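Student: I am new to this structure and would like to go through it slowly, asking how each description is reached.
Tutor: Then let us look at it together and begin with a single residue.

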2 protein chains.
Amino acid sequence: MFRFLRVNMATKTCVLEEIPQEYAGLGGRALTSTIVAREVPPTCTPIGPHNKLVFAPGLLGATNSPNANRLSVGCKSPLTEGIKESNAGGQPGGHLARLGILAVIIENMAEEGQWWQLEVSKDHARLVPSDVAGLNNFDAVANLVEKYGKDCSYITIGRAGEFKLTAASIACTDRELRPMRHAGRGGVGAVMGSKGLKAIIVNPEGGKNQPLNDEKAFREASKRFAKALAEHPITSKGLADYGTAVLINILHEAGGLPTANFTVGQFDQHESVSGELLNQITKERGGTVAHGCMSGCMIRCSGILPDKKGKFQSKWPEYETLWAFGPHSGIGDLDAISQYDYLCDDIGVDTIDVGVAMGVAMAGGGIPYGDAKAVLDAMHGISEGTPLGRIIGCGTATTGRVFGVRRVPAVKGQSLPAYDPRAVKGQGVTYATSPMGADHTAGYAVTANILSSGGTVDPLKKEGQIELSRNLQVATASVDSVGLCLFTAFAILDVPDALPAVVDMLNAKFGWQLTGDDVVTLGQRILSTEIDFNRRAGITLAADVLPDFFTDEKLPPHNTTFDITHDELKTVFNWVEEKN
Amino acid sequence: MFRFLRVNMATKTCVLEEIPQEYAGLGGRALTSTIVAREVPPTCTPIGPHNKLVFAPGLLGATNSPNANRLSVGCKSPLTEGIKESNAGGQPGGHLARLGILAVIIENMAEEGQWWQLEVSKDHARLVPSDVAGLNNFDAVANLVEKYGKDCSYITIGRAGEFKLTAASIACTDRELRPMRHAGRGGVGAVMGSKGLKAIIVNPEGGKNQPLNDEKAFREASKRFAKALAEHPITSKGLADYGTAVLINILHEAGGLPTANFTVGQFDQHESVSGELLNQITKERGGTVAHGCMSGCMIRCSGILPDKKGKFQSKWPEYETLWAFGPHSGIGDLDAISQYDYLCDDIGVDTIDVGVAMGVAMAGGGIPYGDAKAVLDAMHGISEGTPLGRIIGCGTATTGRVFGVRRVPAVKGQSLPAYDPRAVKGQGVTYATSPMGADHTAGYAVTANILSSGGTVDPLKKEGQIELSRNLQVATASVDSVGLCLFTAFAILDVPDALPAVVDMLNAKFGWQLTGDDVVTLGQRILSTEIDFNRRAGITLAADVLPDFFTDEKLPPHNTTFDITHDELKTVFNWVEEKN
């Protein structure tokens, strides 16, 4: 009853196939990365016919586990040229899992210039010419909803994906049918665009929760996990009240809030883009606080921020979005950033790589520093396909290159997010070494470095950072495979019963006898698979470094450099035998 | 008496230093690549303070050898992120050699926004603030000539280099003080720009030819080499009459003239951009045929093409320039291309990477196909620093990325020149494997594939191409180290006494006892050094491939694909032990 949906864009065939034995027991990131590693030629052109785009819900998708309906998206990345897994909230992950579809594999390409949409329903799938090509995500989804109804969920690309820009994202609709939950990083939207696939419509009708080997045991374990989430102050309250934007003031205090393209670690206007202010004006304007993006969410880190007249403006921008357009680009205006956030969602681009690109363009003289109107114009330029818009829409590395910028905050072509590696050194280790390129979620050392979650490691010292990042990268690979929202990790790190509860859910669902150690082994195996793909794609340990300005220049106010050496960084994946 | 000039742009110190023992006996490419490999951290930012820019004349510079005054320019390339040697004709190579300066090593960076010029004369060098920043090459040189006189030679960057665009070149003045001989490939101009170095003024006063261990033996060997050049039809006449543009009709006939971004191997307007027409209109307009770019040139492959009114328009465009702006971009207008060529020289960009970028932008809808006026505007845009101009000025790979083009003809980030690898397969091997990125000069298999020079290897078959490319890459590395113009290779390949004459010149100059085998060993050693740098920079054998469309798509009229496998390509450098 569980199957892969294999879609060939050239022949327009959609085949529901038995799951090959070698993929049994894999979900989410473990499944996308394994399929990509086995089926995609590592040196292929990412926007060409040999790349594949894989969507996979996690192992606990469509169960009663809280926060388990994330959708992993995998491919060879046109941004990093390495393997990519980018995951999103919203409804499609749960819907696919309810239909028993454990992976949708998009292969080959349609004729250039043609656009198709994929209809997926119980036991059936087909490609039809797309009605919504040329539209951005909000209009596209509105049109699709009119045709397919409100019970479906939608996976779409905006014009950035159609243009195959390397910071293009893939949008998933949330519970209110807004395309605001994105697989943002690595240009997965460009891969979808290259295939000629504009939209996927997932009709969950007739689907059901996944079968459980031991229903009672599952229910009990699920309750224990819910209890852990309800107990932890961050997952129960912090994120719901302020969103991830709560971090603005925290990172400012820590001196790790990269400002003006990573020249200083504090932003004097930090309060004007803070989570506290976001909460306040949301309430003042009658918006929504504590909004969950997908079914089963207990954490509810999002919200809806109306404009000054009370009209829908955007979802709550994430901390990284606020930071990229805010401190990094010198813009201390929450409403302006909220509008950029909406445009990123609409046009379909990664808020991080595009927001960071704005600040980098400023450093190169392409956009005046701190000019909110110029940034707005550049955002519209992405949708219009202007040269400047396309540059920015290709992300930070391309923008840095085009504007001749020396200090480009990117690793493996992907921009660094919102934590300066000189002041949050564990995060720097993750940026340098993750096979995904610079990615805060790949091993979120902010936990122990800043939030005292999962222990405490001094963020300014090098000691302990390698181990911290290693352990988090391994754990995250597993979390991303289970389909859990990464924010559950706060509970997993701090509440002793949380991880056992997750393991017990997996065992109860599948009839396994996993232990906590097996979760570590799974995470290592996923990373090994990803690293092996990267090696075959030509990405070696030489790429596991930060740009040299982080080791050359001291970051105020702590005046620290990133002093973890390349040789030390090479020890992160100490179980991987380097051969090539 | 032979020394290195080491210039620190941060401290403004210029030191003439003894040549360290490990660099003894090296010149040209052997010297630049060895210095870069030893002194530049391979993972550094190419436009940052840790990169170095090295200028080195060849081993036979400033002797009476014909065609031996090329100047090698080496650094870590901002275009390929690997090692780069790009060499140029013109006068500065011979002048530096006459001053006994075997390498100029530019280190560190000036304060951002400051521009300096380096004055080099006998036993003295200093940095002074530059008068000519902001000017393109022709105006810059004209101003410098006014200040420093007509006896000096000049090395400059145009605005592209100031902008640090990754296709920026470095210009050397020819005998008539025109900045038209460029180290074009790999973005060496961006490195010079990143250092804050606008110009180098080389005053040869008081310099002299290099001393010879055995003057008589040298004179005799030099005469034999001159005789060989005078005997070969290509070096004595073919290039002088038609320039390298002679290849347009030849490659058209061979079906290997890449047209409309490598979709077909013939261009219906080939005659309107041919060497024959170039010769004809040059004569009609009273221009110059058979112009040598540097002292000691016997081949005289260049010319001066006036415009329709008889006024200087540009030098003869090279075949690759004619091809990139012509067949590749659908423009059959010799005068238009001559104007682009002038602008490339003036603004300081590689005609190949920029010309190919034009055709790639056309493939992506950024410029209308075949629109000569739009290309002219885009050329001016480079100088003006418009977003489109900067994109194009960053070359083919960046242009392909920004415009979402799937079929991007580039290897290791550097664009393929004017020979389709499916119809000139030996050339394809060189493109795929050269440590320089796609570079026709690195192993010019057109010789045996098309011109029956150095034997004959069927261009459409895979047999013999690996060995052909290997031997040529090895020989070329040596030729580039001797300071010889690559076109001497026709004589070296076909006239039995040519190579012995070169070896005898080296022996007579240095008191060595080299044999022909030693030349092979030298070439292999240089390539090994370059490959080792690339491995440490993170460029592996995985990067030794052509873009997959060359293996997927048949090229009319022969309807061949590039069928030399990646495993076969990995055997090119069969003496290199792969370790990392």
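Student: Which residues is Y419(B) in contact with, leaving aside its neighbours within four places in sequence?
Tutor: In this predicted model, Y419(B) is in contact with L247(B), L251(B), G256(B), P258(B), Y319(B), E320(B), V424(B), Q427(B), Y431(B), H440(B), Y444(B) and V446(B). Y419(B) also belongs to the largest nonpolar core, which has 257 residues, and there it is among those that touch the most other members, together with V354(A), M379(A), Y419(A), V354(B) and M379(B).

Student: Why are α3(A) and α11(A) called oblique to each other?
Tutor: Helix α3 (residues 137-148) and helix α11 (residues 334-347), both of chain A, pack at an angle of about 55 degrees, with their axes 6 Å apart. An angle under 35 degrees would count as roughly parallel, and one of 65 to 115 as roughly perpendicular, so α3(A) and α11(A) are oblique to each other.

Student: What makes up the contact of α3(A) with α11(A)?
Tutor: N137(A), F138(A) and D139(A) in α3(A) meet Y342(A), D345(A), D346(A) and I347(A) in α11(A). By kind, the residues of this contact are three nonpolar, one polar and three charged.

Student: How do you know that the two copies are related as by a two-fold rotation axis?
Tutor: A turn of 180 degrees with a shift of 0.0 Å along the axis lays chain B on chain A with an RMSD of 0.0 Å, and the copies are therefore related as by a two-fold rotation axis. In chain B, the C-alpha nearest that axis belongs to P387(B), at 2.8 Å from it.

Student: Why can one say that the copies meet through the same surface?
Tutor: Because 100% of the interface residues of chain B are also interface residues in chain A, the copies meet through the same surface.

Notes: Residues are numbered from 1 along each chain as its sequence is written. Chains are lettered from A and ligands numbered from 1 in the order in which they are written. This is a predicted model: local features need pLDDT of at least 70, side-chain atom pairs count only at pLDDT 80 or more; totals for chains, interfaces and linings use all residues. Side-chain values use heavy atoms; hydrogens and water are left out. Axes are lines fitted to C-alpha atoms, for helices over the stretch in contact, and angles run from 0 to 180 degrees between N-to-C directions. Helices (H or I, at least four residues) and strands (E, at least two) are DSSP runs, numbered from the N terminus. Angles under 35 degrees count as roughly parallel, over 145 as roughly antiparallel, 65 to 115 as roughly perpendicular and the rest as oblique. Contact means heavy atoms within 4.5 Å. Ala, Val, Leu, Ile, Met, Phe, Trp, Tyr, Cys and Pro count as nonpolar, Asp, Glu, Lys and Arg as charged, and the others, Gly among them, as polar. A nonpolar core is a set of buried Ala, Val, Leu, Ile, Met, Phe, Trp, Tyr and Cys residues joined through side-chain atoms within 4.5 Å. Buried means under 20% relative accessible area, exposed over 50%, partly exposed in between (1.4 Å probe, protein chains only). Copies are superposed by least squares on the C-alpha atoms of residues with pLDDT of at least 70 in both.
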